[in-house]
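This briefing sets out the strands, the nonpolar core and the internal spaces of one model. Please keep the sequence and the structure in view while reading.

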Amino acid sequence: NPFFFKNLKQLSDRKYKNFSTIHNFNELNKILSDRNYHFAYDFMGINWNCWKIRQILKIKKILLIKNFSKDASIPQKKTSTFLRRFYDNFITRKQLGGSLLRKFKNRIILKLNKNFQWDIGVFFGDEAFSKDNKVKSKNYIKSHTFDFDNYLKLKNKKKNITKNYFVFIDNDLANHPDYKYHGTKPPVDEKKYLTDLKNFFDLVEKKTKLKVVIAANPKSKHKIGKFGNRKILFNKTGELIKSSIGVFIHNSTAINYAILFKKPLFFLSS
């Protein structure tokens, strides 16, 4: 994923050990030949290169593992009208998955590989353990989600005193790198979106005399001042929610933390 590596170079505070960037299939075959690998964890997408890599791993007799998840806590969007779908796909391209042409191509790729099976499927939660998902893997492991695993660790830590702040769960709606990866455009105008948020947070802080802290999306590159004079913290979503008195949120799997820690949820839309 070239966009991932482009983003990675800008994250100077993150360091990786035993980390290799593979630029082409020759490099991949050389790496696989140099060492005797047993398993490969598959986080790839559905384009042709991804399926080619999977076939190479199969030929090398490397067992493929894939996560299957479906978050039931996220409400499903209401079905849009035909005109709205046409406008979103052809005019604005703000739909996840890109244009209809891109979606059509992806459907063909999936159809041609419909009989592919992963060696081991890891199913996160009962919602993921469906008939359609089970046929995609030869063997399976049932597990709880990463969020619940993290919740258990946080729960067992010494009890934090609830602090006087609200936490906003950031989705990076204006600049998320997945938009470029999926060939789509952001659903909001960045300037207007940030202005609306800052105005709302100013009002909250004025009325309640409490601060609003930003739990940054882990893929974002927010800098100080983006949300006004407010703290922006990365990779601390669970901890921030646990110690807060309330959560402002759009639509995020972080809703699980709020429910598990029994925090009031305030859904923001505009």
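A residue is called buried when its relative accessible area is under 20%. With that cut-off, the side chains of β1 fall into two sets: Ala 40 and Asp 42 point to one face and are buried, while Phe 39 and Tyr 41 point to the other face and are not. In a regular strand the side chains alternate between the two faces of the sheet. The model is predicted, and the points below are grouped by topic.

**The sheet of four strands**

- One open sheet has 4 strands in the order β1-β2-β3-β4, with parallel pairing.
- The edges are formed by β1 (39-42) and β4 (137-143); each has a single partner strand, so one side of each has no neighbour in the sheet.
- Between neighbouring strands of this sheet the average turn is 25°, with direction ignored.
- The partner of β1 in the sheet is β2 (residues 63-69), and the two pair in the parallel sense over 4 bridges.
- Within this pairing, Ala 40 has Leu 64 of β2 as its bridge partner.
- Ala 40 is also one of the β1 residues with a buried side chain.

**The sheet of five strands**

- Another open sheet has 5 strands in the order β7-β6-β5-β8-β9, again described by parallel pairing.
- Its edge strands are β7 (232-234) and β9 (265-267), each of which pairs on one side only.
- From one strand to the next, the twist averages 30°.
- β5 and β6 are joined in the parallel sense over 5 bridges.
- On the other side of β5 in the strand order comes β8; β5 and β8 (residues 246-249) run parallel and are joined by 3 bridges.
- β6 and β7 also run parallel, with 3 bridges between them.

**Strand β5 and its partners**

- Which way do the side chains of β5 point? Tyr 165, Val 167 and Ile 169 point one way, Phe 166 and Phe 168 point the other way, and all are buried.
- Because 5 of the 5 residues of β5 are buried, the strand is largely enclosed by the rest of the structure.
- Ile 169 belongs to β5, and its relative accessible area of 3% means that it is buried.
- Opposite Ile 169 stands Ala 215 in β6, and Ala 215 in turn stands opposite Leu 233 in β7.
- Ile 169 and Ile 214 are 45 residues apart along the chain, yet their C-alpha atoms are separated by 6.5 Å.
- Phe 168 has Phe 248 as its bridge partner in β8.

**The largest nonpolar core**

- The largest nonpolar core has 17 residues, of which Phe 168, Leu 197, Phe 201, Val 212, Ile 214, Phe 227 and Phe 248 touch the most other members.
- At least two residues of this core come from each of β5 (165-169), α9 (190-208) and β6.
- The greatest contribution is that of α9, with 5 residues.
- The bridge partners Phe 168 and Phe 248 are both among the core residues that touch the most other members.

**The cavity**

- How many cavities of 30 Å³ or more are counted? The count is 1.
- The largest cavity holds about 40 Å³ of space.
- Its lining consists of Asp 170, Asp 172, Leu 173, Ala 174, Tyr 193, Leu 194, His 222, Lys 226 and Phe 227.
- By residue class, the lining of the largest cavity has 5 nonpolar, 1 polar and 3 charged residues.
- Phe 227 lines the largest cavity and is also a member of the largest nonpolar core.

**The second largest pocket**

- The volume of the second largest pocket is about 250 Å³.
- This pocket is lined by 14 residues, and those closest to its centre are Tyr 165, Val 213, Lys 231, Leu 233 and Leu 240.
- Two or more lining residues are given by each of β6 (211-216) and α10 (237-243).
- The lining of the second largest pocket divides into 5 nonpolar, 3 polar and 6 charged residues.
- Tyr 165, one of the residues closest to the pocket centre, is among the buried residues of β5.
- Leu 233, likewise listed among those closest to the centre, is the β7 residue that stands opposite Ala 215.

Methods. Residues numbered from 1 in each chain as written. Predicted model: local features only at pLDDT ≥ 70, side-chain atom pairs only at ≥ 80, totals over all residues. Heavy atoms only, no water. 1 Å grid on protein atoms, 1.4 Å probe; cavity = no way out; pocket = protein on both sides within 12 Å on 5 of 7 lines; lining within 4 Å. Points joined across faces, edges and corners; volume = space filled by probe spheres on them. Nonpolar A, V, L, I, M, F, W, Y, C, P; charged D, E, K, R; others polar. Pairing = 2+ DSSP bridges. Axes fitted to C-alpha atoms, helices over the stretch in contact; angles between N-to-C directions. Core = buried A, V, L, I, M, F, W, Y, C linked by side-chain atoms within 4.5 Å. Buried < 20%, exposed > 50% of the residue type's maximum accessible area, 1.4 Å probe, protein only.
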